[in-house]
Amino acid sequence: MLQKLYNTNTAVLFRHWFGQIFGNNIVTINENSNGIGNSNDIRSDNSNENKSDIRYSVNLKAACQTVIYAKNFSLWYGNKLAVNNVSISIESGGVTAIIGPSGCGKSSFLRSINRMNDLIPNTRIDGRLIVDGQNVYDKQIDLVSLRRRIGMVFQRPNPFPKSIFDNVAYGPRLHGTRDRSQLNEIVETCLRSAALWDEVKDSLMRSAIALSGGQQQRLCIARALATQPDMLLMDEPCSALDPIATGKIEELIVALKEKYTIVIVTHNMQQAARISDRTAFFCLGELIEFDETNKIFTTPSNPQTEAYITGRFG
Ligand SMILES: Nc1ncnc2c1ncn2[C@@H]1O[C@H](COP(=O)(O)OP(=O)(O)OP(=O)(O)O)[C@@H](O)[C@H]1O
Ligand SMILES: [Mg+2]
């Protein structure tokens, strides 16, 4: 049935993969035939029985909102298992926080989403990771385009040793934008979105390195926004910042979540409670619990989560 669906090209009807929250099968296919959700994906994701029925059994509303879907996803560095059999379904929009003790695979999982782990030698994965309908480990994937759509902000602000303007314009230039007035507009819009414009509008040609840590981090967010991503991955973006700069970044994240799907790793549980809508608790590479933030911090289902959030370990 699904093969027929694909062959007859009615797949253009569907914008996203349809998946089910928590662990059920991804179901059908998205809008085009440019290697996005190709026929191999259909077959391998639905290699079990009752293929034709699955499509109709999902909760379509919930499924359409799914933007990051991992199914039995594992990641190794050499022999070291860092992410262990994680299945998770993250909805579009809002902020998802990933919390857990040091070394439990939070960053590894986050970096898997836009394949930043590829830059580390001897990494190996198993399972599936689907982002916005696209298997990110598909051989045909265009990594430049993937990372354009999934921006990343790291623990330490890492502006390029270039001007403020050139930092923000870097991505658009890389993707072919040369027109100066267009670049001016992108730079202003992104700096405004990152709540930095008012502080730097008169010194755009100044070196980014001369900015404070908090300003550098907001610049890095502006740089990530400049390629018009759909989502932002943030790995402890405030851990190198003072409380005031942290407060600004948190306000910014809350503002940005209206427009972008944000996944943030944080060690700061107050921060997770303040800014996130959903929280995933990882431990020893496994996803222990994933739920609404309010639930995780008030009535977690798993004793390990409770022990962690009450400070009994970690
Ligand atoms: N480049 C690497 N090579 C080998 N092992 C790695 C590498 N990066 C991480 N690891 C290992 O993978 C496991 C998960 O690491 P990861 O950085 O994902 O944890 P984390 O939860 O982000 O920790 P932290 O809170 O300290 O940042 C750890 O045991 C770590 O030692
Ligand atoms: Mg980390």
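**Figure 1. The shell around ligand 1 in this predicted model.** Two elements, β2 (80-91) and α5 (106-113), each bring at least two residues to the shell around ligand 1. The top contributor is α5, which gives 3 residues. Altogether, 13 residues surround ligand 1. If you would like to pick out the closest ones, look for Tyr77, Ala82, Ser102, Ser107 and Ser108. By character, the shell divides into 7 polar, 4 nonpolar and 2 charged residues.

**Figure 2. Helix α10 and its surroundings.** Here we zoom in on α10, which runs over residues 213-225. Its 13 residues should span 18 Å at 1.5 Å a residue, and the C-alpha atoms at its ends are indeed 18 Å apart, so the expected and computed spans agree. The helix is mostly covered, with 12 of its 13 residues buried. Among the buried residues are three glutamines in a row, Gln215, Gln216 and Gln217. Arg218 and Arg223 are buried as well, and so are Leu219, Cys220, Ile221 and Ala222. What do the buried residues of α10 pack against? Their partners are two strands, β6 (150-153) and β7 (231-235), along with the helices α7 (164-174), α8 (180-193), α9 (197-200) and α11 (243-256).

**Figure 3. The largest nonpolar core.** This core holds 72 residues. Which of them have the most contacts inside it? They are Ile98, Val168, Cys190, Ala222, Leu232, Leu233 and Ile262. Ala222 may look familiar from the previous view, as it is one of the buried residues of α10.

**Figure 4. A closer look at Leu233 and the residues it touches.** Leu233 is among the residues with the most contacts inside the largest nonpolar core. Leaving aside residues up to four places away in sequence, Leu233 touches Leu110, Ile113, Asn114, Ile150, Met152 and Val263.

**Figure 5. Asn72, a residue with positive phi in strand β1.** Most residues other than glycine have a negative phi. Asn72 is not a glycine, yet its phi is positive, near 50 degrees. You will find Asn72 in strand β1, residues 66-77. Is Asn72 buried or exposed? It counts as exposed, because it has 12 C-beta neighbours inside 10 Å, and 12 or fewer is the cut-off for that class.

**Figure 6. Ala195, in the loop between α8 and α9.** Ala195 also has a positive phi, about 55 degrees, although it is not a glycine. With 18 other C-beta atoms within 10 Å, Ala195 is partly exposed, since a buried residue would need 20 or more.

Conventions: Residues are numbered from 1 along each chain as its sequence is written. Chains are lettered from A and ligands numbered from 1 in the order in which they are written. This is a predicted model: local features need pLDDT of at least 70, side-chain atom pairs count only at pLDDT 80 or more; totals for chains, interfaces and linings use all residues. A nonpolar core is a set of buried Ala, Val, Leu, Ile, Met, Phe, Trp, Tyr and Cys residues joined through C-beta atoms within 7 Å. Two residues are in contact if their C-beta atoms, placed from the backbone, lie within 7 Å. Helices (H or I, at least four residues) and strands (E, at least two) are DSSP runs, numbered from the N terminus. The expected span of a helix is 1.5 Å times one less than its number of residues. A residue is near a molecule or strand if its C-beta atom, placed from the backbone, lies within 6 Å of it. Ala, Val, Leu, Ile, Met, Phe, Trp, Tyr, Cys and Pro count as nonpolar, Asp, Glu, Lys and Arg as charged, and the others, Gly among them, as polar.
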